[in-house]
Amino acid sequence: MEIFSYDFMQRAFLAAFCMAIIAPQLGVFLIIRRQSLLADTLSHVSLTGVALGLLLQVSPTLVTLIVVAVAAFFLEYLRMIYHSYSEVAIAILMSGGLALALVLMHFAGGNSSTNLQQYLFGSIVTISAEQVWILAGLSLLLCLIFIILRRPLYVMTFDEEMAFVEGLPTSWMSLLFNVVTGVAIAVMIPIAGALLISAIMVLPAAIGMRLGNSFRTVQVLGVIIGLFGMFSGLFASFHLDLPPGATITLIFILFFLLLQLGNALFVHFFKRKQNNPAKSPRKM
């Protein structure tokens with residue numbers, strides 16, 4: 001096929017494959033823990049790392065990794081303070097991260113606004129071979145973490161108080177999860193963009209939760225749906241000359257809406273059939 005004759009599209013499909021492994025698995029945990037906005041929050045914080053890297057003329061990706069790791073510690077600290085109002089911590093970090101990024105961008109001057117816009121919207125078709133290798137390594141690391149800590153993460157996700165009673169280090173595990181999520185976002189932002197990364201993480205998981213009836217099934221379905229959305233989005237963006245990240249996000253949203261519509265129609269006709277059973281023939 002013509003699309004695979006281009007080196008940048010080959011790298012794009014490899015990156016999409018890695019992101020489809022990473023994003024939905026993290027998304028399932030985020031949704032169940034009621035932290036869907038965590039991805040959006042850390043993506044805003046990562047812009048601070050990008051702006052700081054541009055100001056110091058250091059690799060933005062490296063600085064972003066450090067900033068996001070520090071933000072994960074701060075987020076867990078705020079979550080402990082506002083235990084019953086965890087959304088307060090998310091609001092503080094989201095607004096503070098974006099505000100600090102804009103201030104640092106002002107001091108950086110020059111072409112910093114242009115470079116920051118590249119991280120805002122991303123570009124999956126301009127990634128380098130080095131970024132693909134980083135994504136592949138992160139995918140492998142994430143799979144190993146889920147294999148080793150599968151049961152403790154499962155218990156903590158569904159019932160953190162029960163996990164604490166069982167003697168699990170819930171604070172450290174939550175911190176580890178936040179750091180891993182932040183690192184994944186920092187690596188994926190140059191590709192997916194800060195404005196779209198949360199959709200790519202949450203939507204496949206949300207669709208999988210509508211189709212699966214167990215935790216493992218939802219994770220597998222999330223990865224499959226992620227692969228479908230990423231690959232079809234790349235095909236559509238290549239042939240229709242559309243922005244890849246936005247196209248992928250719209251495909252996920254369309255898939256979700258079609259699923260909701262199909263489910264509503266099924267429930268409507270099923271209930272209608274139950275409420276209007278076939279009349280039995282009269283006895284002669």
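A crossing of two helices is called left-handed if the near helix is turned anticlockwise from the far one by less than a right angle, and right-handed if clockwise. In this predicted model, helix 1 passes helix 9 in a left-handed crossing.

**Overall architecture**

The protein contains 12 helices and 0 strands, so that its elements, read from the N terminus, follow the order α-α-α-α-α-α-α-α-α-α-α-α. Of the 284 residues in the protein, 46% are buried. Among contacts with a separation of 6 or more, 74% are made by residues 24 or more positions apart. The protein has an accessible surface of about 15400 Å², and carbon and sulfur atoms account for 68% of this area.

**The contact of helix 1 with helix 9**

Two packed helices are described by the angle between their axes and the distance between the axes. For helix 1 (residues 7-32) and helix 9 (residues 170-192), the axes come within 11 Å and cross at roughly 140°. Helix 1 contributes Ala 15, Met 19, Ile 22, Leu 26, Phe 29 and Leu 30 to this contact, and these residues meet Phe 177, Val 180, Thr 181, Ala 184, Met 188, Ile 191 and Ala 192 of helix 9. By class, the residues of the contact comprise 12 nonpolar, 1 polar and no charged.

**Aromatic pairs between helix 1 and helix 11**

The whole structure holds 9 aromatic pairs. Two of them are set out below.

| Pair | Centre-to-centre distance | Angle between planes | Geometry |
|---|---|---|---|
| Phe 13 and Phe 235 | 5.3 Å | 65° | edge-to-face |
| Phe 29 and Phe 215 | 5.3 Å | 70° | edge-to-face |

The pair of Phe 13 and Phe 235 is classed as edge-to-face because its planes stand at 65°, where the class requires an angle over 60 degrees. Phe 13 belongs to helix 1 and Phe 235 to helix 11 (residues 215-240), so this pair ties together parts that are 222 residues apart in sequence. Phe 13 has a relative accessibility of 9% and therefore counts as buried, the limit being under 20%. Phe 235, at 25% relative accessibility, counts as partly exposed.

The pair of Phe 29 and Phe 215 likewise links distant parts of the chain, with Phe 29 in helix 1 and Phe 215 in helix 11, 186 residues apart. Both Phe 29 and Phe 215 are buried. Phe 29 is also one of the helix 1 residues that meet helix 9.

Phe 13 and Phe 235 further belong to a cluster in which ring pairs link them with Phe 4 and Phe 231.

Technical notes:
Residues are numbered from 1 along each chain as its sequence is written. This is a predicted model: local features need pLDDT of at least 70, side-chain atom pairs count only at pLDDT 80 or more; totals for chains, interfaces and linings use all residues. Side-chain values use heavy atoms; hydrogens and water are left out. Axes are lines fitted to C-alpha atoms, for helices over the stretch in contact, and angles run from 0 to 180 degrees between N-to-C directions. Helices (H or I, at least four residues) and strands (E, at least two) are DSSP runs, numbered from the N terminus. Contact means heavy atoms within 4.5 Å. Ala, Val, Leu, Ile, Met, Phe, Trp, Tyr, Cys and Pro count as nonpolar, Asp, Glu, Lys and Arg as charged, and the others, Gly among them, as polar. Buried means under 20% relative accessible area, exposed over 50%, partly exposed in between (1.4 Å probe, protein chains only). Accessible areas come from the Shrake-Rupley method with a 1.4 Å probe; for residues, only the protein chains shown count as cover. Rings of Phe, Tyr and Trp (its six-membered ring) pair if their centres lie within 6.5 Å; planes under 30 degrees apart count as stacked, over 60 as edge-to-face and the rest as tilted.
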